[in-house]
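Biologist: I would like to learn how to read a model of this kind, going from a single residue outwards to the sheets. Could we take the features in turn, with the general idea before the particular case?

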Amino acid sequence: GTQATSTTDSASVTFDKTAPTLLSVAIDSGNATSVAKVGDTVTLSFTADETIQTPTVVFTVSGVSAAGSIAVTNVSGNDWSATFDRASGDTDGVVAFTIDFSDTAGNAGTQVASATDGTSVTFDKTAPTLTSVSIDSDSATSIGTAEVARVGDTVTLSFTADETIQTPTVVFTVGGASAAG
């Protein structure tokens with residue numbers, strides 16, 4: 001046949017053989033730390049360098065598929081997010097992900113499995129335990145193995161947790177009533 005080099009209606013065709021890439025990828029735990037707990041929504045945010053089809057996102061925790069459902073949303077233009085709620089059926093450990101994507105021409109991008117900004121999320125549903133607890137008074141008076149605290153003495157409660165914990169709330173009682181001071 002005869003080679004055509006123009007159209008009669010000014011239409012054009014573009015041949016796209018370039019694979020898309022993700023310019024930025026970040027993961028967030030849904031709270032002020034990088035540790036997610038049951039009920040937190042983990043959000044994966046990413047931006048493609050061109051229009052892509054709805055990507056396939058998979059979350060795992062310690063190599064096991066996440067128990068919750070995953071929602072993938074085109075936020076705007078080339079910006080996407082994938083979310084899932086942490087469930088009690090998920091195991092403790094690092095939240096990993098994979099993003100598989102293709103552009104509108106069908107060119108597959110290289111699978112992405114890490115954040116470009118260094119963010120990470122760890123799932124922790126295990127309550128901390130106190131491995132040692134002791135109470136001490138600065139009083140020199142002892143009765144057997146128990147120390148006696150008198151008005152004006154300082155009583156110190158010391159404990160060690162098996163993991164990093166937030167600042168605890170400690171309440172002292174004396175004879176069933178809250179201690180003053």
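Biologist: Leaving aside its neighbours within four places in sequence, which residues is Val-61 in contact with?

Modeller: Please keep in mind that this is a predicted model. Once the neighbours within four places are set aside, Val-61 is in contact with Arg-86, Thr-91, Asp-92, Gly-93, Val-94, Val-95 and Phe-123. Val-61 lies in strand 4, and with a relative accessible area of 1% it falls under the 20% limit, so it counts as buried.

Biologist: How far apart are Val-61 and Asp-16 in space, C-alpha to C-alpha?

Modeller: The two residues are 45 places apart in sequence, and their C-alpha atoms are 36 Å apart in space.

Biologist: Which residues does Val-95 touch, not counting those up to four places away in sequence?

Modeller: Val-95 touches Val-61, and its other partners are Ile-27, Val-42, Phe-59, Thr-60, Phe-84, Val-121, Thr-122 and Phe-123. Val-95 is also among the residues with the most contacts inside the largest nonpolar core, together with Leu-44, Phe-59 and Ile-99, and that core has 23 residues. At least two residues of the core come from each of strand 1 (22–28), strand 3 (41–48), strand 4 (56–61), strand 7 (79–85) and strand 8 (93–100), and the largest share, four residues, is supplied by strand 3.

Biologist: How should I read the two faces of a strand, and which residues of strand 3 lie on its covered face?

Modeller: As a general idea, the side chains of a regular strand alternate between the two faces of the sheet. In strand 3 the covered face carries Val-42, Leu-44, Phe-46 and Ala-48, whereas Thr-41, Thr-43, Ser-45 and Thr-47 make up the uncovered one.

Biologist: In what order do the four strands of the open sheet that includes strand 3 stand?

Modeller: Strands of a sheet pair through backbone hydrogen bonds, in either a parallel or an antiparallel way. Here the four strands form an open sheet in the order 1-3-7-6, with antiparallel pairing. Strand 1 and strand 6 (71–76) stand at the edges with a single partner strand each, so one side of each has no neighbour in the sheet. On average, neighbouring strands of this sheet are turned by 20° against each other, direction ignored.

Biologist: How many bridges join strand 3 to strand 7?

Modeller: Seven bridges join these two antiparallel strands, and one of the pairings sets Thr-41 in strand 3 opposite Asp-85 in strand 7 as its bridge partner. Strand 1 and strand 3 pair over six bridges, again in the antiparallel sense; Leu-22, for example, has Ala-48 in strand 3 as its bridge partner, and Ala-26 has Ser-45.

Biologist: Which strands are the edge strands of the sheet with the order 2-9-8-4-5?

Modeller: That sheet is an open one of five strands with mixed pairing, and its edge strands are strand 2 (35–36) and strand 5 (64–65), each pairing on one side only. Strand 2 and strand 9 (residues 122–123) pair in the parallel sense over two bridges, with Thr-122 in strand 9 as the bridge partner of Val-35.

Biologist: Why is the pair of Phe-59 and Phe-84 called tilted?

Modeller: The count comes to one aromatic pair. The ring centres of Phe-59 and Phe-84 are 4.3 Å apart and the planes stand at 35°, so the pair is tilted. This pair links distant parts of the chain, with Phe-59 in strand 4 and Phe-84 in strand 7, 25 residues apart, and both Phe-59 and Phe-84 are buried.

Terms used: Residues numbered from 1 in each chain as written. Predicted model: local features only at pLDDT ≥ 70, side-chain atom pairs only at ≥ 80, totals over all residues. Heavy atoms only, no water. Core = buried A, V, L, I, M, F, W, Y, C linked by side-chain atoms within 4.5 Å. Buried < 20%, exposed > 50% of the residue type's maximum accessible area, 1.4 Å probe, protein only. Contact = heavy atoms within 4.5 Å. Pairing = 2+ DSSP bridges. Phe/Tyr/Trp six-rings, centres within 6.5 Å; stacked < 30°, edge-to-face > 60°. Axes fitted to C-alpha atoms, helices over the stretch in contact; angles between N-to-C directions.
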